[in-house]
Amino acid sequence: MKPNRLWAVILGIVLAGSSLVVANLLSNKQVKNSMLISSPSFTQNQMIPARHTCDAENVSPPLVWSGVPAGTKSLVLIVDDPDAPDPAAPRMTWIHWLLYNIPPDSGGLTEGVSDRLALQGVNDWQRTGYSGPCPPIGKHRYFFKLYALDVLLPDMRHPGQTTLEKAMQGHVVARSELVGLYQRR
C-alpha cells in the first residue's frame, strides 16, 4: 500500500472513531444530582420507624423532594434493599416499590399514598404497591431512589424493575436517593 493511501486510511479510521465518540457523548445526557429527597419519618442513614415495615402497619413513609429540573416530564421512585440474602447467591437486591410517571410538580408523596398518583410496577413479592422493610436477619439498608425523566413513560402494565429501568435508559436527567435502615427485634 502506498504511503499516501495508508495515511488516508488511518485518517479515515481516526475520523470515524471521533464521530462515534462525539455521537456517544451527545446521546448520553449529563445526569444532575441537584434533586433532594427526604422523609419527615426518618433521616439519611437512620432507622425507619416500624410503622413503615412488616412489623406494624406497613404503610409507605411520607416523602418530600425538591430541585426537580425544569423540563422534567415525570419522576420514578424505586425502593430497594441491596442487603437481601438469597440462598442461591451471596447478595441480591430486593425490590420493595416501583412507582413511575409521578407528576414532576407533586413535591412528594403522602404517607400511605395510593396508586392513583402514579403507575406502579411489580415488587419482589409479585404485587404492586409498597411493601416495607422486613429483613429476615440483621440490619438492612433501604434505598429510596428518585429519578427525573425527560419523558412520560408508556403504561407498561405493572413492569418489573428490569423493564422499568430499560424504559428509563437515556431519559434520566437527575437523580437523588434517601437511605433508611431497619432491623427487626
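## Trp125 and the aromatic pairs

In this predicted model, Trp125 has a relative accessible area of 31% and is partly exposed. Trp94 is also partly exposed, with a relative accessible area of 24%. The count of aromatic pairs in the structure comes to 3. One of them joins Phe42 and Phe144, whose ring centres are 5.6 Å apart and whose planes make an angle of 50°, so the pair is tilted, as the angle is neither under 30 degrees nor over 60. Phe42 lies in the loop between β1 (36-38) and β2, while Phe144 lies in strand β8, so this pair ties together parts that are 102 residues apart in sequence. Phe42 and Phe144 are both buried.

Trp94 and Trp125 form another aromatic pair, with 5.3 Å from centre to centre and 80° between the planes, an arrangement described as edge-to-face. Trp94 belongs to strand β5 and Trp125 to the loop between β7 and β8, and the pair links these distant parts of the chain, 31 residues apart. A pair of aromatic rings is described by two values, the distance of the centres and the angle of the planes.

## The nonpolar cores

The largest nonpolar core has 24 residues, and those touching the most other members are Ile37, Leu63, Trp65, Leu77, Trp97, Leu109 and Phe144. At least two residues of this core come from each of the strands β3, β4, β5 (89-102), β8 and β9 (172-182). Another core lies apart from the largest one; it has 12 residues, including Leu149, Met156, Leu164 and Met168.

Which residues are in contact with Leu63, leaving aside its neighbours within four places in sequence? They are Ile37, Ser38, Ser39, Leu77, Gly107, Gly108, Leu109, Phe144 and Leu178. Phe144, on this list of contacts, is also the ring partner of Phe42.

## The open sheet

Three strands form an open sheet, in the order β1-β3-β6, with antiparallel pairing. β1 and β6 are the edge strands, and each of them pairs on one side only.

The antiparallel pairing of β3 with β6 runs over 2 bridges. Leu63 has Leu109 in β6 as its bridge partner. Both Leu63 and Leu109 are among the residues that touch the most other members of the largest nonpolar core.

## The salt bridges

Side chains of opposite charge can pair when their charged atoms come close. The whole structure holds 7 salt bridges. In one of them, the side chains of Arg51 and Glu57 meet at 3.0 Å, N to O. Arg51 is partly exposed, at a relative accessible area of 36%, and Glu57 is partly exposed too, at 48%.

Arg51 also meets Glu111 in a salt bridge, at 2.6 Å from N to O. Glu111 lies in the loop between β6 (108-109) and β7 (119-120), and Arg51 lies in the loop between β2 (46-47) and β3 (63-66), so the pair ties together parts that are 60 residues apart in sequence. Glu111 has a relative accessible area of 34% and is partly exposed. A further salt bridge joins Asp83 and Arg141, with 2.7 Å between the closest N and O atoms. Asp83 is in strand β4 (residues 74-86) and Arg141 is in strand β8 (residues 140-149), and the pair links these distant parts of the chain, 58 residues apart. Asp83 counts as buried because its relative accessible area of 16% falls under 20%, whereas Arg141, at 32%, is partly exposed. Elsewhere, Arg51, Glu57 and Glu111 are joined into one network by salt bridges that share partners.

## The disulfide

How many disulfides are counted in the structure? The count comes to 1. The disulfide joins Cys54 to Cys134, with 2.1 Å from S to S. The torsion about its S-S bond is about 80°, so the disulfide is right-handed.

Cys54 lies in the loop between β2 and β3, and Cys134 lies in the loop between β7 and β8, so the disulfide ties together parts that are 80 residues apart in sequence. Cys54 is partly exposed, at 29% relative accessibility. Cys134 is also partly exposed, with a relative accessible area of 29%.

Note on methods. Residues are numbered from 1 along each chain as its sequence is written. This is a predicted model: local features need pLDDT of at least 70, side-chain atom pairs count only at pLDDT 80 or more; totals for chains, interfaces and linings use all residues. Side-chain values use heavy atoms; hydrogens and water are left out. A salt bridge is a side-chain nitrogen of Lys or Arg within 4 Å of a carboxyl oxygen of Asp or Glu. Buried means under 20% relative accessible area, exposed over 50%, partly exposed in between (1.4 Å probe, protein chains only). Helices (H or I, at least four residues) and strands (E, at least two) are DSSP runs, numbered from the N terminus. A nonpolar core is a set of buried Ala, Val, Leu, Ile, Met, Phe, Trp, Tyr and Cys residues joined through side-chain atoms within 4.5 Å. Contact means heavy atoms within 4.5 Å. A disulfide is a pair of cysteine sulfur atoms within 2.5 Å. Rings of Phe, Tyr and Trp (its six-membered ring) pair if their centres lie within 6.5 Å; planes under 30 degrees apart count as stacked, over 60 as edge-to-face and the rest as tilted. Two strands pair if DSSP finds at least two bridges between them.
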